[in-house]
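Subject: Structure for your review, with notes on cavities and cores

Dear colleague,

I am passing on the structure we spoke about, and I would be glad if you could look through it alongside the notes below.

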Amino acid sequence: MKLLAIDGGGIRGIYAGHVLERIQDAFQLEFHRDFDLIAGTSTGSIIAAALAYDIPLAKVTKLYREQGRIIFLPRSLSLKGAIFPRYASEPLRDALEDVFQDATLSDAKTRLIIPATDIGNGGVHVFKSNYDEGFVRDRDVKVVDAVLASCSAPSYFSPARVGPYQLSDGGLWANNPSLVVVTEAISRLGAERSQIRLLSVGTGIGKNYYPVASGGMWGFMTGWGMLKFISMLMNLQSATASNVVQLLLEKHQTLRINFESDAPLSLDDVGIIDDLVSKADRDFTHNSADIRSLLRG
C-alpha cells in the first residue's frame, strides 16, 4: 500500500510541489492511481488535493509564484499578527477557487486526508474524502473550504468556519501527516505494516531560532517572536512525526525528502521561492534511486 504525506510550511510548499512534479515526470506517475492514500497539511493540503483530483502540479507551483505576494500581503494595523491576523483570507480563497472551483471531497479520485484543528472544541478535525461508507460529515464539503481551514495558521490567517466548526491550521498537531496516513492505513484500511510504502515530503526544517547569544530574553517585546515561535513548533511536530514513523516502519518502507537550514525558515517570505525550487531539484536528484526503489516496492 503506497502512502504519500506532504508537510505544511506556507510558501515553502513550492519545495514539495517541485519535488513531486519531478517525481511525476521522471517516473510517469499518476498519483491518484499509483498511491492508495494521500495526505497534506496546511500548504501541503493544496498539493495533496491537486494530486487527488488529478490537477497538474504546474498549476499549483504557478499559484505559489504568481499569487504568493498577493496572499502574503500584510494587513495594516495587524502588528505582525499580534492584534489581527497578519493576512486576509480572501486572496488565498480566491487562489484556491481558481484551482479547485466547486469540487467537493466526494469528487476525489483517490483517498485524501486533510488535517485541521477544531479550535472551537479543542480537538483535531480530519477531513476525509468519501472512501468509507461511514464517512458522512465531509461528503459535501468543498475542497476549497477544507484546504483553507488546514492553511489557517494562527496569527497568519483568521480561523475558517466550515459548517458548525471553527477550524485552524492542521499543522498545530499534524504538520507532518506521515503518522496520520500510517495510522489510517493500518486501522481503517486494514493494511499490514509490512505492506506499507510511505513517501514523505517536507518543506524544510529551520534551526537556531533562539540563539544562546540572545541572552535568553523571553517576552513579547524582547524577542520570542510570535511568528517565529509558531514556525518552530510546527517544525518540531514535523520532526517528531518523522522520527516515530521511522521507528514503526523498516528503513526500506519509508523515504523522507526534506532539507535543513542553519537559519530559521519563514512561512511567508516569497523571496526564497527560487532557492526552494533549486533545493527541491537537487534533493530529487540525490534521492532518485531511493524513490525508484520505494515505488517498485
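What follows is a short account of the enclosed space and the nonpolar cores.

Please keep in mind throughout that this is a predicted model.

On enclosed space, the search returned 1 cavity of 30 Å³ or more, and the space within the largest cavity comes to about 230 Å³. Its lining is made up of 21 residues, of which Gly 10, Ile 11, Thr 43, Phe 72 and Phe 157 lie closest to the centre. Two elements, α3 (43-52) and α4 (57-71), each give two or more residues to that lining, and the most come from α4, which supplies 4 residues. Sorted by class, the lining of the largest cavity holds 13 nonpolar, 7 polar and 1 charged residues.

Turning to the cores, the largest nonpolar core contains 76 residues, and those with the most contacts inside it are Leu 4, Leu 20, Ile 23, Tyr 53, Phe 100, Phe 127 and Leu 199. Helix α10, which spans residues 273-296, gives the most to this core, with 8 residues. If one sets aside the neighbours within four places in sequence, Ile 23 is in contact with Gln 28, Leu 29, Phe 31, Leu 199, Ile 257, Phe 284 and Ile 291. There is also a second, separate core of 18 residues, with Val 182, Ala 185, Ala 191 and Ile 196 among them. As general background, nonpolar side chains tend to be buried together in soluble globular proteins.

With best wishes

Note on methods. Residues numbered from 1 in each chain as written. Predicted model: local features only at pLDDT ≥ 70, side-chain atom pairs only at ≥ 80, totals over all residues. Heavy atoms only, no water. 1 Å grid on protein atoms, 1.4 Å probe; cavity = no way out; pocket = protein on both sides within 12 Å on 5 of 7 lines; lining within 4 Å. Points joined across faces, edges and corners; volume = space filled by probe spheres on them. Nonpolar A, V, L, I, M, F, W, Y, C, P; charged D, E, K, R; others polar. Core = buried A, V, L, I, M, F, W, Y, C linked by side-chain atoms within 4.5 Å. Buried < 20%, exposed > 50% of the residue type's maximum accessible area, 1.4 Å probe, protein only. Contact = heavy atoms within 4.5 Å.
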